[in-house]
Amino acid sequence: MNGSIHPTLLVSAALFALGAIGFLTRRNLILMILSAEMMLHGVGLAMVTFGQIHNNNEGQIFTIFVLTVAACEAGLALALILSLYHRTKSLDMDLWSALREDDMPSPVGDDSTRGPVEIDKRPVPPILTPAGLPLDPKTPLQPTRSSHEETATHV
Amino acid sequence: MSDYAQLILWLIPGAPLIAAGFIALFGKLFMGERSHVPCVAALAVAFACSLALLVSIVPGTFHEHHPEGASFEGNDGQQYTQVDEEQVISPTKGAVALGYEWLDIGTMQVRIDLRADAISAIMLAMVTGVSLLVAIFASGYMHGDPGYARFFAAVSLFVFSMCMLVLSGNFVQLFMFWEAVGLCSYLLIGFWFKKPSAAAAKKAFVINRIGDFGLLSGVFLIWKTFGSVDFQTVLFNAEAIAKANVDHPGTLPLICLLLFIGAMGKSAQFPLHVWLPDAMEGPTPVSALIHAATMVTAGVYLVARSTPLFMYAPNVQLFVSAIGATTALISALIALTQYDLKRVMAYSTVSQLGFMFMALGAAAAGPKVATFAVMAAMFHLFTHAYFKALLFLASGSVMHSMGDVIDMRRFSGLRHALPVTHWTFLCGALALAGFPLMAGFWSKDDILVALGNGMQSEHKTFFTVIFAVAVLTALLTAFYTFRAYFMTFWGPEKFPEEALQPHGHGAHDDHGHGHAVSHDPHATPDHAHGEARPHDAPPAMAWPLRILAVCAVGIGFVGPLHLFGNYFERTPGLPDAAPHGLHLGPMLMSVVIALTGIALAYKFYVKSPEIPAGLAIKLRPLFGLSQGKFFFDEIFTAILVAPLRIIATLCALFDKFVLDGVVDSFGALPRFMSQAPRRLHGGLTPAYATTMLIAVLGCIVCVMQLFAGQ
Amino acid sequence: MSWIQQNWPLLLPLVLGAIGVWLLMPGKRAIRPLGGLAALGALALGFQLVAGGKDIHGAMYVVISTFCLIAAVLMITSRNPVYGALWFALVTLCVCGLFLLQSAPFLAAASIIVYAGAIIVTFLFVMMLAQQSGASNYDQSSRQPFVASVIAFTLLGMLLITFQSWGVQHAKIQNDPLQAIATSPPTPATTSETRTVHAFSRPVGQEQIGELRGLGRALFSDFLFSVEIAGTLLLIASIGAIALAPRRAQGTL
């Protein structure tokens, strides 16, 4: 703690950079949106810090507006994600690559070259029951590993 | 008076234009077989207005030989501009209906005005009258054609353009409608555009371009020399012309030459005459109206109209005469051996146009006889329009009855089967041959007199030759006209099989026509063989023929009675004419020539038909030359078309391999350069975001560099 | 070279951090613990760069920041999006803690309500509806992790250099910038003229910065128009979200 960088500014810059990495590398639509929100966190933190340093409220007020915009963005992003999901039944961003040149390979095809999919061995996270569906005793709500693998290979 | 003049002047071209638009818009859908009604009605209106114009434009001066107003005042141009506001009809100024200012480019001001004087009034009366009769004829002739409405729309448009051409008050407007009549001619020659021979329309259009180039250059030169294109300042201002002749020596002959080249194209003069015979591919009424009576005479009209300029270019006038004589002789020689009735008439038209130019050139004999020479040409134009339209329509009637067969070897002796056609054709043939007291007799006589006047000037030798050619051509004319007449209407009765088929009345005919036949008393005298015999013209075709026959016989009397001459001399810009009377010497010679030609034809084709065959064998090379139309088409193909085709092929190769290569390489360069960056376009959103982040990095570096200095 | 020698305290944690994040990203690499170590090392070295007192204030900074950054790294590297969302909730909480330390209590509360209370829960719902079968293979791989890490850490480095030079300048003016900022009494606005001309929302009178009264006064006087615009924006966004959301049969997604 002997440098000259304001500690909150360091955190804000790091959050921004990490959010950028997340946005660039992750293929899950929701994680991309969350990464973008994290970048907004970094910006808001920096502005609050600047407001503190300059001794006025403008930084905080600006962050309030950023918060507003972030809320709007989250709502719209969720609607968009649902729309996209409706089309492909998947949250994979790589499925949406219609902008590419005609002779470029489809990025989705890359999965086959990546070798066998590494399956997360951790416990399955809680699954929400679809509302309004009658409970069918033959198909338990808790998915089994086999069905898990089936969907995992099927993208 | 002013409103009246405005009204009739605007109605003359306006009525056909409205009819053309109306038929073009609604004809096909709503009018069908009644499409000719607006056209005929509009032409009747135009004809009535033309007659009204004719009698009102030079009121009360028919019987005065030297009215004061006929001489032209040099400063009339200024008077004209002063009285622009109120329209005045007077002998010298004619009638002017103001239109609007069309072009105003720098010093060039072009107005669309209607301007009528004596020569325009004569032309208008002739154009609208003949086109009215032709339109009535066509309503019968074109019956059942799928393009019925299109035909009448085009005819109406043509009459509008022709009237505007004649009514033009300046050279630019004249050129515009000169092109418009060419367009209508193109549309109507290619009327049956599915026939391969409709390519004649293209030929006519292309050859006319040569002439139009000359005319356009002439108009440019006129504008450069006079600073105006208005007739009032260019043609009717004698002082201005004299001044221009002094200021720009040699320009006036050049202008005249260029104008004459324009006239050569439109009026089918040697060597640009090759399009007119081929133009007969169009419907016969079109041939009668456009390619015999009206449009092709536009060149004669132009030269006659430009007489004040030609007065300063006697050499060009001699050239005009020479070209006219060459054309007349060559076409007459070609016409001798043709078997296609319409082609005989087409070459006859070319030949008669040559006559008119001969007469126009005779104006070189001097100012005293110049007006008479121009008058003779216009008079021949006037009479020729009637009898040649008659001959074409009668040929069309023959063709109609013979099931579209026009080869004279395949039918003969039709005078009993087609009595109306026979008598009217005979009237036209007599008029064309120059039989005494017929229309052609008087006008041809006037031309011979004009050429005789030329023989008494300093160009004695030249005009002697021209005169001899004219006499020879007149003889040939009488001969080939009656050759066609005798071959068609005399001899043993013979019909082609197309004519005998019950419904085979031509490609454009349908059974509705056969219905009309049964009501025609002239068509089938013997009803027992009604289906087996060709029928004569139905009333819609017969009555125009009869009226035109009366004209062909009687219209010539306006010449010897000095009606035409005295009227025509009111045309502004023409020099004072010497009084002229009947010339018994040339008249006698004309009679002898005509009778000789007719007698020869009678001898050859009725009395002893073996003579022509024997002559054809004896004079095989000459016969072949005439039969092959002097091989002008082949010569042109060899010396003009083939080299151009080679050049065009080379250009096409150059374009394909050199120009396209250069252009393609310009396209290939960015394509090559984009090979690397296009890999970035994988279509993945995060990839674009990466690029964006790199750019943000660059921006931050720049900002840091900026602030590092502080 | 001399520049690198001079700035190695800054460069070393950046390089370590980039390597650590790269190794931690989901993919074929099985050396995630190594990546985690590198990232932690980078974090420890990074804290050597910051200025701060050795009091309770500074300690809280360090603790909260450490949690925040660890949670952020785990969020972007988690193979299960549900865990990712939970880590993001932790990031949000830590950021709110930093807001509190920066004397922005209202913002801290608002952020918790908006993010942790609304956004993350909604995202979790969507995720659970969409991925009922759990992890899918597109969560098991990442796209160009190396390039992304390099770019992002270059960006971070540039930002830090800027902050560093700014902090050095600030330190020249006031010996201890952080202390000066944290403890100095708010400069009261001398006249209303300077307040309106130089800064919109400087605390007036005895107000503290970040105090709810001053914030509300600034929002609803100086930024009233912007507040209205923001409200309109929210309305439009909600309408847009409803319009965009796919129509579906009942009980299905």
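**Chain A**

I began with the contacts of chain A: among those between residues at least 6 apart in sequence, 48% join residues at least 24 apart. The model I am reading is predicted. I then listed the elements of chain A and found five helices and zero strands, in the order α-α-α-α-α along the sequence. For burial, I noted that 45% of the 155 residues of chain A count as buried.

**Nonpolar cores**

I looked up the largest nonpolar core, which holds 232 residues. The members that touch the most others are B:Leu360, B:Ala373, B:Ala389, B:Leu390 and B:Ala552. I asked which helix gives the most to this core. The answer is helix α17 of chain B, residues 367–401, with 22 residues.

I followed B:Ala389 further, setting aside its neighbours within four places in sequence. Its contacts are B:Val130, B:Val134, B:Ala288, B:Leu289, B:Ala292, B:Ala293 and B:Leu548. Apart from the largest core I recorded another, of 95 residues; A:Leu91, C:Tyr61, C:Met75 and C:Leu219 are among its members.

**Helix α5 of chain C**

I checked the length of helix α5 of chain C, residues 81–101. Its 21 residues reach 30 Å from the first C-alpha to the last, close to the 30 Å expected at 1.5 Å a residue. I also counted burial along α5(C): 15 of the 21 residues are buried, so this helix is largely enclosed by the rest of the structure. After α5(C) comes C:Ser103, for which I noted a positive phi, near 50°.

**Chain B against chain C**

I next examined where chain B meets chain C, and found seven residues of chain B in contact with eight residues of chain C. On the side of chain B that touches chain C, I counted six nonpolar residues, one polar and no charged.

**Confidence in chain B**

I closed with the pLDDT of chain B, whose mean is 81, with 88% of its residues at 70 or more. Which elements of chain B have the lowest and the highest mean pLDDT? Helix α3 of chain B (residues 76–82) has the lowest, 38, and helix α5 of chain B (residues 148–166) the highest, 91.

I marked residues 60–92 of chain B, where the pLDDT is below 50; this stretch has 49 contacts in the model beyond near neighbours in sequence. I marked residues 503–531 of chain B as well, where pLDDT stays under 50 and the model has 39 contacts beyond four places in sequence. Where pLDDT is low, predicted coordinates should not be read in detail.

Terms used:
Residues are numbered from 1 along each chain as its sequence is written. Chains are lettered from A and ligands numbered from 1 in the order in which they are written. This is a predicted model: local features need pLDDT of at least 70, side-chain atom pairs count only at pLDDT 80 or more; totals for chains, interfaces and linings use all residues. Helices (H or I, at least four residues) and strands (E, at least two) are DSSP runs, numbered from the N terminus. The expected span of a helix is 1.5 Å times one less than its number of residues. A residue is buried if 20 or more other C-beta atoms lie within 10 Å of its own, exposed if 12 or fewer, and partly exposed in between; C-beta atoms are placed from the backbone. Two residues are in contact if their C-beta atoms, placed from the backbone, lie within 7 Å. Ala, Val, Leu, Ile, Met, Phe, Trp, Tyr, Cys and Pro count as nonpolar, Asp, Glu, Lys and Arg as charged, and the others, Gly among them, as polar. A nonpolar core is a set of buried Ala, Val, Leu, Ile, Met, Phe, Trp, Tyr and Cys residues joined through C-beta atoms within 7 Å. pLDDT is the predictor's confidence in each residue, from 0 to 100.
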